[in-house]
Amino acid sequence: MSQPAARAAEPLAAFQTNPPREVPTRRNTELALLGFATFIVTIALVLVEANQEQELTASIIWLGLAYLGVLTGAHLAVRKWAPYADPVLLPCVALLNGIGLVMIHRIDLALAERAAQNGKDYTPAVTAQVLFTVISLVFFVVVLIVVNDHRTLTRYGYTAGLVGIAALALPALLPSSLSEVNGAKVWLKLPFFSIQPGEFAKILLMIFFASFLVSKRDLFMVAGKKLVGVELPRARDLGPILIAAFVCIGILVFEKDLGTSLLFFSVILVMLYVATERAIWVVLGLSFFAVGCIIAYNLFSHVQQRVANWLDPLATYDQAGGGYQLAQGLFGLGTGGVGGTGLGAGRPDMVPEANTDFITASIGEELGFIGLAAVLMLYLLVAMRGMRSALAVRDTFGKLLGGGLAFTMVMQIFVVVGGVTKLIPETGITAPFLSKGGSSLLANYILVALLLRISDAARKPAARPKPQQQPQAPIAEAHTVLVQRPPADGGVQA
């Protein structure tokens with residue numbers, strides 16, 4: 001009876017003497033990188049103030065310490081609620097946000113000087129941007145606390161899709177006085193602040209697409225009817241995602257927000273390809289995209305204007321809505337060259353909307369090709385670490401959602417920089433974490449919080465199985481031992 005008990009104890013003893021290797025959380029690495037990002041941002045502020053002949057005061061040091069304090073709060077939240085999250089994501093995002101604050105402050109100094117020469121007052125935009133950063137980090141922490149497991153979002157897939165479509169459609173239903181800015185009806189103007197619902201709709205719709213594709217993935221592989229030699233899924237399986245996609249893109253086209261339409265279309269296409277692994281979706285998507293571009297060019301005059309500006313911005317330089325902004329941005333990039341003019345030593349204020357749509361042109365002028373390439377590398381790092389987490393996570397929903405969120409970052413910065421450098425027509429999309437604006441900053445910090453949650457699930461070690469005790473034999477199968485009754489007189493039997 002002792003041998004089976006000894007065999008049952010052998011695996012438990014081996015487990016106790018050779019425990020599995022602990023996965024490091026790397027939170028101290030994240031804290032060190034955040035400190036390095038704060039150092040870079042503080043030095044950049046000093047250079048801006050010095051080149052603008054401003055008085056260097058202790059306020060710069062206090063501003064750097066405050067910046068580090070806010071980010072340390074975010075770090076502590078990650079340490080507590082997502083201890084195994086990727087240690088590189090938050091420092092890269094913090095550095096991008098800090099560079100954006102520096103450039104907005106630098107442009108504020110130039111615009112304030114110009115306003116003083118004209119006898120006007122100027123309200124710095126960097127103050128509001130700092131407030132938006134604090135609010136965004138608060139929501140960042142809230143998302144980490146509320147979404148303790150990204151898989152719970154699959155329960156609200158259709159709800160997220162409906163709310164996302166409603167958020168996109170709301171500015172289109174409101175009068176222009178409450179929703180239109182620079183010709184695009186994408187804003188919701190409230191008495192004390194304005195918000196862009198489409199920034200949050202993109203996250204909600206990605207949750208819907210990911211949950212829908214996970215639940216219908218096998219049905220997408222079932223052949224339906226053939227169209228031009230291509231096997232398509234059944235209409236009842238393909239219908240919901242096509243309806244949602246065309247409704248979203250149609251609303252954005254009606255709102256004249258073609259840049260966001262391009263972003264949505266590309267993200268949907270990539271998520272569909274990742275879910276089905278069928279290249280035919282890429283071919284069909286690009287075909288629809290080409291047809292849509294031709295239709296939009298013939299229907300909308302502002303699309304024709306942007307294409308004309310893209311082809312030759314100098315030919316439309318003096319026209320209303322012409323190529324003045326694009327040409328000035330290209331002049332700034334040419335002035336910066338390889339090494340840049342230096343922080344605070346350029347003239348980025350000569351470009352319209354230099355702190356929003358064309359902030360990458362401002363960075364290229366003062367930091368040069370090297371500085372702009374370094375900023376793009378930060379975006380690439382964020383996207384690569386997000387993709388890496390999406391590949392490593394164990395569930396299909398996390399793979400699709402993480403891949404979509406990471407690809408959104410890549411596609412958005414491609415559209416922004418492509419428009420500024422005349423690679424593609426202008427779209428009016430702002431650079432994540434760099435440009436002035438609270439809606440974009442808040443939405444992108446929520447996006448990063450979801451990426452950290454997915455990376456935490458990917459790096460977290462699997463739960464150890466509890467040692468199972470050997471079950472006792474049923475009473476019916478137990479051995480019976482017969483004991484003889486001793487004799488009554490206490491004698492010994494013969």
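Helix α17, spanning residues 438-459, runs for 22 residues in this predicted model. From first C-alpha to last it reaches 31 Å, close to the 32 Å expected at 1.5 Å a residue. Most of α17 is tucked away, with 20 of its 22 residues buried. Helix α11 tells a similar story on both counts. Its 19 residues should span 27 Å at 1.5 Å a residue, and the end C-alpha atoms sit 27 Å apart, so the two values agree. As 15 of those 19 residues are buried, α11 is largely enclosed by the rest of the structure. Right after α11 comes E277, with a positive phi near 60°.

Two further residues turn up with that sign of phi. Most residues other than glycine have a negative phi. R26, which is not a glycine, has a positive phi of about 65°. The residue belongs to the loop between α1 (2-17) and α2 (27-51). With a relative accessible area of 41%, R26 is partly exposed, because buried would call for a value under 20% and exposed for one over 50%. K422 is another non-glycine residue with a positive phi, this time about 70°. K422 also sits in a loop, the one between α16 (396-420) and α17. Its relative accessible area is 29%, so K422 is partly exposed as well.

What about empty space inside the protein? Rolling a probe the size of a water molecule over the atoms shows where such space is left. The count comes to 1 cavity of 30 Å³ or more, and the largest cavity has a volume of about 60 Å³. Its lining is made up of K202, L205, M206, F209, L263, F264, V267, I268 and T408. The elements that give two or more residues to this lining are α8 (197-215) and α11 (258-276). Sorted by class, the lining has 7 nonpolar residues, 1 polar and 1 charged.

K202, one of the residues lining the cavity, also takes part in a salt bridge with E199, where the closest N and O atoms are 3.3 Å apart. The two residues are 3 apart in helix α8, so about one helical turn separates them. Both K202 and E199 are buried.

In total, the structure holds 9 salt bridges. Besides the K202 pair, R151 and D149 meet through their side chains, at 2.8 Å from N to O. R151 is partly exposed here, with a relative accessible area of 47%. A further salt bridge pairs D349 with R347, at 3.4 Å from N to O. The two partners differ in how they are covered: D349 counts as buried at 9% relative accessibility, whereas R347 counts as partly exposed at 46%. This pair does not stand alone, as salt bridges that share partners join R114, R347 and D349 into one network.

Notes:
Residues are numbered from 1 along each chain as its sequence is written. This is a predicted model: local features need pLDDT of at least 70, side-chain atom pairs count only at pLDDT 80 or more; totals for chains, interfaces and linings use all residues. Side-chain values use heavy atoms; hydrogens and water are left out. Helices (H or I, at least four residues) and strands (E, at least two) are DSSP runs, numbered from the N terminus. The expected span of a helix is 1.5 Å times one less than its number of residues. Buried means under 20% relative accessible area, exposed over 50%, partly exposed in between (1.4 Å probe, protein chains only). On a 1 Å grid over the protein atoms alone, a cavity is a set of points where a 1.4 Å probe fits but cannot get out, and a pocket is an open set with protein on both sides within 12 Å along at least five of seven lines; lining residues have an atom within 4 Å of a point. Grid points are joined across faces, edges and corners, and a volume is the space filled by probe spheres set on the points. Ala, Val, Leu, Ile, Met, Phe, Trp, Tyr, Cys and Pro count as nonpolar, Asp, Glu, Lys and Arg as charged, and the others, Gly among them, as polar. A salt bridge is a side-chain nitrogen of Lys or Arg within 4 Å of a carboxyl oxygen of Asp or Glu.
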